[in-house]
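Visitor: Could you walk me through this structure, a piece at a time? I would like to ask about single residues and then about larger parts.

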Amino acid sequence: MGSKLLEQIVFINIANKVMKHINEGVMVTDREGNIMWVNPAFEIVTGYHQEEIIGQNPRFLQSGLHDKAFYKNMWKAIIENGVWKGEIWNKRKDGELFLEWLTVHAIKDPQGNVSHYLAIFSDITMQKRNIEQLKRLAHYDMLTGVPNRYLFTKRLEDLIETSRQHRQLFALMFLDLDRFKYVNDTLGHHAGDSLLQKVAQRLKGILQKKDTLARFGGDEFVIILPNLKHIREAAQIAKMIIDVLKAPFSIEGQDIYVTASIGVSFYPHDGKNVEVLIRNADRAMHSAKKKGKNRFELYNSYEHGSDEQDLVLENDLHKALERGELLLYYQPQLDLRTNQISGVEALVRWKHPERGLVSPAAFIPLAEETGLIIPMSEWVLEEACRQLKQLHLAYPKLKMNVNISAVHFLQNEFVKTIDRIFEKTAVDPRYLELELTESTLMPNAPFAIERLVQMKQKQIKIAIDDFGTGFSSLSYLHRFPIDTLKIDQSFIRHLSSYRGEASIVKAIIEMGHSLNLSIVAEGVETEKQYKFLKEQRCDYAQGYYISKPLLFDELQQFLREWNTE
C-alpha cells in the first residue's frame with residue numbers, strides 16, 4: 001500500500017471522528033438536495049435518526065416562519081457565491097421550533113459542477129433567549145417593570161432633539177418617596193420592594209402612553225411629559241400624583257401611607273441638555289422636601305438655582321487637588337474558587353475640611369462637567385499604581401482595579417498619561433485592570449475598540465463595570481478586547497427574592513464564560529448571595545460580605561488577617 005494512499009485513509013478516519021464528535025450538526029445532500037448523511041449532533045438537535053431521513057429532502061425541517069422569498073434568496077446566494085450563512089428557524093421531530101446558525105456550502109467536482117451540498121449548524125435558541133433577556137434587562141427595571149435610568153436617558157436625549165427641531169415644550173419630573181426609608185427599616189426590604197412596585201402601578205395609571213415613567217434608583221422615579229402646550233399641564237399631573245399617592249398601600253396585611261416630593265423642570269427654559277434638566281428637577285424636588293414634603297415645586301432659577309453653590313464646590317474641588325484632600329479607599333475582591341483575595345478596587349473619596357467625607361456621587365459629575373476629572377483621574381491612577389507597587393512587596397500577584405471616567409478615556413493624551421504613570425511608578429501593568437462603563441464604550445465603539453487594543457498591547461486588563469445597566473448592542477461585546485464583566489450590584493441585591501434576577505445573573509455568567517471572560521459580582525452583602533454565586537461558578541465577589549472599602553493601612557491589616565486565617 002502506497003504512503004499517499006495510507007495518508008488518505010488516515011485523514012478520512014480522522015475526518016470521520018471529527019464529524020462524529022463535534023457539537024455542530026452536519027448534513028450532506030446530493031446535488032438534488034436529498035440527504036445522504038448526517039452526524040450524531042444532527043440527530044441530537046433535530047430528534048431525527050439517520051435511518052429515517054436518508055434520501056429525503058430537508059424541507060421537512062422547515063418551521064413555516066420563513067416565506068418563499070427567504071429560501072429563494074438563500075439559494076440564490078448558494079448558487080452565485082457557493083455559500084450562505086445566517087440565522088434560520090427550523091423544527092425538531094417533536095414539533096418544537098429552534099433557532100440555528102446555519103452555513104450551507106456548495107461542493108463542486110473537478111469539472112466545476114455542483115455535486116453535493118454541505119450544511120453545518122449550531123442550535124442558538126438558548127443563546128438568543130439569553131440575549132433577548134439581557135436586552136430587556138438593559139432597558140427596564142426588573143423590580144417595577146418600568147424603564148431604567150439608561151432607557152430613560154436615551155428617550156430624554158431623543159426628545160431633546162425632537163423638541164429642539166419642532167420648538168416644543170416638555171417637562172421632566174423628579175419624584176422621591178418621603179417615607180420609604182421608614183418602610184424599609186421597619187418592615188424590611190421585601191416590603192419596600194412591594195411598595196415600589198405598587199407606586200409604579202399607580203403612577204402608570206395616571207400617565208398617558210406618550211409619557212415615560214422610569215425608576216432612577218432606590219425610591220426615586222422620573223417622568224417625562226412630552227409636547228406640552230403650557231406648564232400648567234405638568235402642574236396638574238404633579239397634583240394628580242400627590243393625590244393618587246394619598247390612598248394607603250396594603251403591604252403584607254398592613255396599610256402603609258407614603259407621600260412624595262416632586263420637582264419639575266422644563267425644556268428649554270430650565271435646561272437644554274440631560275444633565276442640567278435632571279439637576280434642576282432634582283433641586284426643585286429637594287426644595288419641596290425642605291418645605292414639608294408631600295408637595296411639588298416647579299424649578300425657579302432664583303429660588304432653586306445653586307450655580308453659586310456649584311461655583312463654591314468647584315473652587316473647593318480645585319483646592320482639594322492642591323491640598324491633598326482626596327483619598328483612596330480599597331475594596332477587596334474574593335476569588336470564589338480559591339477563597340483568596342485576588343485584587344482590590346480603588347475608590348476615590350473627598351475629605352472636605354468642613355463637610356467631611358463627600359460622596360463621589362456629589363463631586364464626580366461636577367468634576368466631569370468642569371474638566372477637573374482629568375487631573376483627578378490622573379491622581380487616582382498614579383496613587384493606585386504607587387500603592388499597588390507597595391502591596392506587591394508582600395502580595396506579588398494582587399490585582400488593582402481603577403475606574404476610568406469617560407471624559408478621561410476619550411482624551412487624546414490618555415495613552416501617554418498611562419505610559420508616564422507606569423514609568424514613574426514602575427508598576428507591573430499585568431496587575432492593573434481599568435474599569436469602564438458600557439455607556440463609555442458604546443457611543444463610539446470603533447474608537448473604543450482601537451483604544452482598548454492599545455491598552456491590551458501594554459498588557460493592561462480591561463473590565464466592563466456595572467454590566468447590564470447600560471449596553472445598547474450585545475453584538476459589539478465580543479469585539480471589545482475585554483477580560484472581565486462586573487455584574488451590577490442592583491441584580492445581586494435581590495438574588496434571594498426574585499427568580500428574575502437569579503436567571504439574569506446566571507445568563508450573564510454563562511454568556512461571559514462562553515466569551516472566555518472573568519465574572520465579578522458587585523454588591524455581595526449576604527451569605528445567600530455568596531453561596532448562589534459560588535454555585536453558579538461566578539469567578540469573583542466584591543461587597544460588604546467580604547469587606548467594606550478600606551484605607552490603605554486598614555487594607556494591609558485586612559490582608560494580613562485574611563492570609564493568617
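Visitor: In which helix is Ser 163 found?
Guide: This is a predicted model, and in it Ser 163 is found in helix H6, which covers residues 149–166.

Visitor: Is Ser 163 buried or exposed?
Guide: Ser 163 has a relative accessibility of 1%, and because buried means under 20%, Ser 163 counts as buried.

Visitor: And what does Ser 163 touch, leaving out residues up to four places away in sequence?
Guide: With those set aside, Ser 163 touches Gln 168, Phe 170 and Tyr 267.

Visitor: Let's change topic to the sheet of 5 strands; what is the strand order?
Guide: The sheet is open, its order is E2-E1-E5-E4-E3, and the pairing is antiparallel.

Visitor: Which strands stand at the edges, and why is one side of each left without a neighbour?
Guide: Those are strand E2 (35–38) and strand E3 (83–91); each has a single partner strand, so one side of each has no neighbour in the sheet. From one strand to the next, the twist averages 25 degrees.

Visitor: Over how many bridges do E1 and E2 pair?
Guide: Strand E1, residues 25–30, pairs with E2 over 3 bridges in the antiparallel sense, and Met 27 stands opposite Val 38 in E2.

Visitor: Which helix packs on the sheet?
Guide: Helix H4 (residues 68–81) does, touching E3, strand E4 (97–108) and strand E5 (114–123), and the direction of H4 makes about 150 degrees with that of E3.

Visitor: I care about pockets too, so what is the volume of the second largest pocket?
Guide: The second largest pocket has a volume of about 500 Å³. It is lined by 23 residues, of which the closest to its centre are Asn 57, Pro 58, Arg 59, Met 74 and Trp 75.

Visitor: Where does the largest share of that pocket's lining come from?
Guide: For the second largest pocket, the largest share comes from H4, with 4 residues, while E1, H4, E3, E4 and E5 each supply at least two residues of the lining.

Visitor: How many cavities of 30 Å³ or more are there?
Guide: The count comes to 2 cavities of 30 Å³ or more, and the second largest cavity has a volume of about 30 Å³. Its lining residues include Ile 241, Leu 245, Lys 246 and Asn 294.

Visitor: Back to single residues: where is Val 45 found, and is Val 45 buried or exposed?
Guide: Val 45 is found in helix H2, residues 40–46, and with a relative accessible area of 14% Val 45 is buried. Not counting residues up to four places away in sequence, Val 45 touches Arg 92, Phe 98, Phe 121 and Asp 123.

Visitor: What about Phe 296, where is its place?
Guide: Phe 296 is in strand E12 (residues 295–298) and, at 26% relative accessibility, counts as partly exposed. Leaving aside neighbours within four places in sequence, Phe 296 is in contact with Ala 235, Ala 238, Lys 239, Ile 262 and Ala 288.

Visitor: Last one, which residues in H12 are buried?
Guide: In helix H12 (residues 360–370), Phe 363, Leu 366 and Ala 367 are buried. They cover an arc of only 105 degrees around the axis, which puts them on the same side of H12. Just after H12, Gly 371 takes a positive phi of about 90 degrees.

How values were computed. Residues are numbered from 1 along each chain as its sequence is written. This is a predicted model: local features need pLDDT of at least 70, side-chain atom pairs count only at pLDDT 80 or more; totals for chains, interfaces and linings use all residues. Side-chain values use heavy atoms; hydrogens and water are left out. Two strands pair if DSSP finds at least two bridges between them. Axes are lines fitted to C-alpha atoms, for helices over the stretch in contact, and angles run from 0 to 180 degrees between N-to-C directions. Contact means heavy atoms within 4.5 Å. Buried means under 20% relative accessible area, exposed over 50%, partly exposed in between (1.4 Å probe, protein chains only). The arc is that of the directions from the helix axis to the C-beta atoms. On a 1 Å grid over the protein atoms alone, a cavity is a set of points where a 1.4 Å probe fits but cannot get out, and a pocket is an open set with protein on both sides within 12 Å along at least five of seven lines; lining residues have an atom within 4 Å of a point. Grid points are joined across faces, edges and corners, and a volume is the space filled by probe spheres set on the points.
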